[in-house]
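Student: I should like to work through this model systematically. May we proceed by question and answer?

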Amino acid sequence: MENKRSPIQAYYLFKSFVIMFMIQAVIVLFTPAALTAPIWYQILAVNLIVGLVLGWYLYKQWYHIEFSYDEAGFQLKKGKVAPTKRRWNEFSQVSLARNEYGEFKVRLYGNAEPFEIPVSKLKLDPFRFRLEVMDLVAGSRRS
């Protein structure tokens, strides 16, 4: 695939870090204070480092989006789930939609259920990308 997009989404990376850090913080809260008081700063430093490492791993496993496309079709993958591969000639219409969070998605319509490409999460210009997808869909219909 020619064009590949795989930007890091800061919100989901931070969310993953906080989840991992909070799990460790709860574990430390249940340990006796006499054991943790003398080395509180060291425990905090270890928790931060482990939270960052495990948060990055959680982010890559669940939230990270990879998108690649060319003239024939595209591939969309979220986390470690198997990628969704589709061809442009499966679709006949293209629209730009905004969800309740203000994120743009390019929606593709064909014979089956509509398919959405999350352009805001991919940090693409939604209006320009929609026009590019319209050209790709129209070009694949001519072939």
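Student: Is Arg-128 buried or exposed?

Tutor: This is a predicted model, in which local features need pLDDT of at least 70 and side-chain atom pairs count only at pLDDT 80 or more, while totals for chains, interfaces and linings use all residues. Residues are numbered from 1 along each chain as its sequence is written, and side-chain values use heavy atoms, with hydrogens and water left out. Buried means under 20% relative accessible area, exposed over 50%, and partly exposed in between, with a 1.4 Å probe and protein chains only. Since the relative accessibility of Arg-128 is 60%, this residue counts as exposed.

Student: Which residue meets Arg-128 in a salt bridge?

Tutor: A salt bridge is a side-chain nitrogen of Lys or Arg within 4 Å of a carboxyl oxygen of Asp or Glu. The N to O distance for the partner of Arg-128 is 3.9 Å. That partner is partly exposed, with a relative accessible area of 33%. The residue is Asp-125.

Student: Which residues are joined into one network by salt bridges that share partners?

Tutor: Glu-116 meets Arg-107 in a salt bridge of 2.5 Å, N to O. Glu-116 also forms a salt bridge with Lys-105, where the closest N and O atoms are 3.9 Å apart. The network therefore consists of Lys-105, Arg-107 and Glu-116.

Student: In which strands do Glu-116 and Lys-105 lie?

Tutor: Helices (H or I, at least four residues) and strands (E, at least two) are DSSP runs, numbered from the N terminus. The two residues are eleven residues apart, and the pair links distant parts of the chain. Glu-116 is in strand E7, and Lys-105 is in strand E6 (residues 104–110).

Student: Is Lys-105 buried or exposed?

Tutor: Its partner Glu-116 counts as partly exposed at 29% relative accessibility, and Arg-107 also counts as partly exposed, at 25%. Lys-105 has a relative accessible area of 18%, so this residue is buried.

Student: What is the phi of Lys-123?

Tutor: Most residues other than glycine have a negative phi. Lys-123 lies in the loop between strand E7 (115–117) and helix H4 (126–142), and counts as partly exposed at 48% relative accessibility. Although Lys-123 is not a glycine, its phi is positive, about 55°.

Student: In what order do the elements of the protein run from the N terminus?

Tutor: The protein has four helices and seven strands. From the N terminus on, the order is β-α-α-α-β-β-β-β-β-β-α.

Student: What is the radius of gyration of the protein?

Tutor: The radius of gyration is taken over C-alpha atoms, and the globule rule is 2.2 Å times the number of residues to the power 0.38. For 143 residues the rule gives 15 Å, and the value for the protein is well over this, so the protein is more spread out than a compact globule. Along the principal axes, its C-alpha atoms fill a box of roughly 75 × 30 × 25 Å. The radius of gyration is 21 Å.

Student: What distance separates the C-alpha atoms of Ala-34 and Ala-72?

Tutor: Ala-34 is found in helix H2 (residues 33–36) and counts as exposed at 66% relative accessibility. Ala-34 and Ala-72 are 38 residues apart along the chain. Their C-alpha atoms are separated by 64 Å.

Student: What percentage of the residues of the protein count as buried?

Tutor: The cut-off for buried residues given earlier applies here also. Of the 143 residues of the protein, the share that counts as buried is 34%.
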